[in-house]
Amino acid sequence: MIALLLALGSSLAYGCADFLGGMGARKAHVLRTVMVAAPASLAVELLLWPLLGASFSASALGWGAASGIASAAAFALLYRTLAIGPMNVLSPVTALVSAVLPVGVGLLQGEDLTAVRLVGLPLALVAVMLVSAGHGAGSARPSRMALLLAFGAGAAIALQLIFLHQAPTDSGLAPLIVGRAVSSGLTLAAAGLLHRRLGTERPAYTMSAAAGVLDSLANMLFLFAARSGDLTVVAVITALYPAGTVLLARSVLAERIHRGQLVGLGTAAVAVSLLALT
C-alpha cells in the first residue's frame, strides 16, 4: 500500500512537471528550459541529502550516471514534444511507452503476477491508452515528428526509471544526485555547443525551475516506491501521470478532453483500486 501511494504521488508530480516544462519550452528553445530545470532538480536533491542520506558505492555511481544520461534525453525530448503539442495526446503516448518497458524488465526479473495484478495491470495500461484518445473531432492531430519525439521521450523515461531501480536499495539519494549531476552537465555542454542555435528568447524561469523541482520530487517518490514494492506495479501507476497533464492542459490552455479520456480517468481509478488490494 505504501508503494502504491508513493507511486501515485510520483505520478502526480510528473504530470505537473511535464505541463510546466512544456509550457516553459514554448517561451524559448527547449535547451534553455532544461538548463534551468535540471540544476533546479539537483539543488533539491542536494538540500535533502543530509535528511535522507546517500551512499556513493560503485554500483550507485554507475546506475546513477546511466539514469542521468537517460534523464537528459528525456528532459529534452519530452519538453520539445509537449511544446509542439497537443499535450493531451502526446503526453499519454510517452506514458504508455515508459510503462511497458519497466513492466517487461520487472517480469524478466521474476516479479510475481497475482490474480488481482493480472487484471489491474492491463487495466491500468488500457487507462493510459484511453487517456491518449484525445484526437477526435475538435482536437488537433499530432504531427509525425511529434509522435516520434513522444516515443523517444517515453523510451528515455523508461530507461531512467529502470536504471534507478537497479541501484542498491541502501544507496539513499546517491543515484538521484549522481544522475542529476550528469544530466545537468550534459545539458550545459549541449547548450554550449549549440549556443548559436538557442536564439535570444529567455526561458520562463519560474515555470522551468518549478518543473525541475517537481521532476526531482517525482524521481524520489518513484525510487522509494520501487524499493518498497514491485517495479511492474510502480511503473504502471507512475505512468498514469498524463492524467495530471491533461487536466492542467484543459484548465489552463482550454484543450478539449475527449469522452474517451474521461473514461480513461475512470478506468485508471478502478485499476489503482484493484492494485491497492495486492
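What follows is a short dialogue on reading cavities, cores and one buried residue in a predicted model.

Me: How many cavities of 30 Å³ or more are there, and how is such empty space found?

Reply: Rolling a probe the size of a water molecule over the atoms shows where empty space is left. In this structure the count comes to three cavities of 30 Å³ or more, and the largest cavity holds about 140 Å³ of space.

Me: Which residues line the largest cavity, and which of them lie nearest its centre?

Reply: The lining is made up of 13 residues, and Ala74, Leu78, Ile157, Gln160 and Asp215 are the ones nearest the centre. Two or more lining residues come from each of α1 (2-25), α3 (58-84), α6 (144-166) and α8 (205-228), with α3 giving the most, five residues. By character, the lining divides into seven nonpolar, three polar and three charged residues.

Me: Which members of the largest nonpolar core touch the most other members?

Reply: This core has 33 residues, and those that touch the most other members are Tyr14, Ile157, Phe222, Val234, Ile237, Leu240 and Leu275. Its largest share, six residues, comes from α9. Leaving aside neighbours within four places in sequence, Leu275 is in contact with Leu4, Arg117, Gly120, Leu121, Val233 and Ile237. Another core, of eight residues, lies apart from this one, and Leu42, Leu173, Leu176 and Leu223 are among its members.

Me: Is Ser41 buried or exposed?

Reply: Ser41 counts as buried because its relative accessible area is 0%, and the cut-off for buried is under 20%. Ser41 lies in helix α2 (residues 30-52), and, leaving aside its neighbours within four places in sequence, Ser41 is in contact with Phe75, Arg180, Gly212, Val213, Asp215 and Ser216.

Definitions and conventions. Residues numbered from 1 in each chain as written. Predicted model: local features only at pLDDT ≥ 70, side-chain atom pairs only at ≥ 80, totals over all residues. Heavy atoms only, no water. Helix = DSSP H or I, 4+ residues; strand = E, 2+ residues; numbered from the N terminus. Buried < 20%, exposed > 50% of the residue type's maximum accessible area, 1.4 Å probe, protein only. Contact = heavy atoms within 4.5 Å. 1 Å grid on protein atoms, 1.4 Å probe; cavity = no way out; pocket = protein on both sides within 12 Å on 5 of 7 lines; lining within 4 Å. Points joined across faces, edges and corners; volume = space filled by probe spheres on them. Nonpolar A, V, L, I, M, F, W, Y, C, P; charged D, E, K, R; others polar. Core = buried A, V, L, I, M, F, W, Y, C linked by side-chain atoms within 4.5 Å.
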